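Biologist: I would like to go through this model with you. Please give me the reasons behind each term as we go.

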Amino acid sequence: GEQKPQINVMVLGAGVIGLTIAHVLTADANEGRFKVSVIARDLPEDINSQAFASPWAGANWSPMFHADERRFRWEKRTVEKLREMIPAGLAMDLPSRLYFDYPVTEEALYCDGIAKDLHLSNVSFAEHPEVQALVELNTVSINPHTYLPALKAEIEKRGVIFRRHRAASLDEICQMAGEGGVVVNATGLGARSLAGVQDTKVYPIRGQTILVHAPGAKHFIAKYEASPKPEVLYMIPRPAPSGEALVGGTFQPGNWDLSVDWNTAENILENAKKLIPELSTPSVYIKHHNVGLRPGRDGGPRVETEICVWPKKSTLAPGLPQPREKRTLVLHAYGFGGAGYQQSWGAAEEAVDLLKQALTT
Ligand code: FAD
């Protein structure tokens with residue numbers, strides 16, 4: 001058969017979303033149709049960079065009550081994919097205990113086809129009178145510090161090139177991709193500041209956490225409160241052999257502060273110890289205090305295609321001859337808030353489907 005020319009794709013962003021989209025684009029099913037480069041200010045090995053969200057996640061799947069069919073579909077698919085990675089050690093089966101300070105029903109948990117072994121009980125604890133329901137279920141967790149480099153290594157084997165670069169504008173990357181090329185905008189919180197995107201619906205949701213050495217911690221534990229507060233209680237154990245668990249934390253919309261607040265740190269640990277006795281055993285110690293910013297977006301994630309016309313006249317000095325307008329297809333995929341990992345595979349597959357549709361029209 002005749003070989004079609006490859007389509008040049010520039011993925012802007014190397015967080016979990018950019019990497020997963022690059023992975024899907026280079027899957028066998030696409031038969032080498034896309035030639036993919038990843039361009040990013042922060043790369044997967046930059047696990048201490050606070051300039052992107054992905055290193056700071058737990059990360060696990062947990063019910064988040066976005067009453068939205070699209071996100072439910074993404075999560076169902078993602079959990080299926082993550083479970084496939086358990087034998088390779090990249091993901092771990094995660095028994096979970098969710099405590100609610102309000103009554104819940106199984107339907108309200110929207111876990112159908114995602115969580116396994118769901119069991120709901122209406123409990124009362126003498127020491128936690130506020131707790132009204134306990135939900136036990138089984139989900140999955142990953143360690144971003146091993147998962148991101150593993151994704152990168154896998155797509156590098158498929159010929160994906162990585163380049164560290166901070167883009168000033170969408171035009172700049174469209175120019176790199178050229179006419180007939182594609183740009184994937186997976187810049188997370190960066191979509192707010194990237195000229196040509198300037199999405200003011202994007203905002204940070206600050207998450208302060210504590211990474212502990214706690215090999216005895218086997219369960220995801222979380223407390224769900226009827227009236228959301230800036231402090232939320234959870235602990236996410238990470239796959240062996242790390243022996244680590246992430247204890248949280250805060251959920252502070254609009255807060256850009258990247259520094260550790262020591263009062264908050266104290267509260268996090270104090271609250272967590274009340275509900276999680278494993279944290280009071282002598283072998284537990286603190287490894288890091290962390291702050292990461294989740295890429296929130298009013299109305300939820302933006303996953304859609306758009307035609308970018310470039311160069312924008314406003315970027316050129318007036319009076320100079322204007323170059324011919326060019327067009328490049330852009331696939332936006334950002335604004336995943338606190339759920340970027342748990343939606344990554346489903347969202348990336350849908351994004352690539354949208355891209356293929358746009359390429360045929
Ligand atoms: P990011 O990881 O922020 O990546 C953005 C990329 O774009 C980076 O490479 C950055 O350098 C690049 N970029 C941006 N602007 C530019 C530019 N101008 N030029 C070049 N490059 C640019 N999610 C879960 O699913 N489960 C969890 O348990 C979970 N727990 C979390 C706990 C905490 C404390 C935090 C902070 C987050 C948590 N999350 C969790 C959310 C998750 O981390 C994010 O949703 C996810 O990482 C977003 O990925 P992303 O690829 O969209 O963005």
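Modeller: Start with the ligand. This is a predicted model, and 42 residues surround the ligand in it. The closest are Gly-15, Gly-188, Gly-190, Gly-207 and Gly-340.

Biologist: Which elements give two or more residues to that shell?

Modeller: They are α1 (16-25), β8 (202-213), β13 (285-297) and α6 (340-360).

Biologist: What makes a residue count as part of the surroundings of the ligand?

Modeller: The cut-off is 6 Å, taken from the C-beta atom placed from the backbone. The 42 residues around the ligand are counted on that basis. By class, 21 are nonpolar, 17 polar and 4 charged.

Biologist: Why is Gly counted as polar here?

Modeller: Gly is neither on the nonpolar list nor among the charged residues, so it falls with the others, which count as polar.

Biologist: Now the sheet. What is the order of its strands?

Modeller: The open sheet has 6 strands, in the order β6-β2-β1-β7-β15-β14. The pairing is mixed.

Biologist: Why are β6 and β14 called edge strands?

Modeller: Each pairs on one side only. That is what puts β6 (161-164) and β14 (302-310) at the edges. Neighbouring strands of this sheet are turned by 25° against each other on average, direction ignored.

Biologist: How do you know that β7 pairs with β1?

Modeller: Pairing needs at least two bridges. Strands β1 (residues 7-12) and β7 (residues 182-185) are joined by 4 bridges, so they pair. They run parallel. Val-9 stands opposite Val-182 in β7.

Biologist: And what joins β7 to β15?

Modeller: Again 4 bridges, in the parallel sense. Val-183 has Val-330 as its bridge partner in β15.

Biologist: Which way do the residues of β7 point?

Modeller: Val-182 and Val-184 point one way, Val-183 and Asn-185 the other. All are buried. That word requires 20 or more other C-beta atoms within 10 Å.

Biologist: Which helix lies across β7?

Modeller: Helix α4 (residues 170-177) does, at about 140° to β7. α4 also lies across β1, β2, β14 and β15.

Biologist: How confident is the predictor?

Modeller: The protein chain averages a pLDDT of 93, and 98% of the residues score at least 70. The model scores ipTM 1.00 and pTM 0.96.

Definitions and conventions:
Residues numbered from 1 in each chain as written. Predicted model: local features only at pLDDT ≥ 70, side-chain atom pairs only at ≥ 80, totals over all residues. pLDDT = per-residue confidence, 0-100. Axes fitted to C-alpha atoms, helices over the stretch in contact; angles between N-to-C directions. Contact = placed C-beta atoms within 7 Å. Buried ≥ 20, exposed ≤ 12 C-beta atoms within 10 Å, placed from the backbone.
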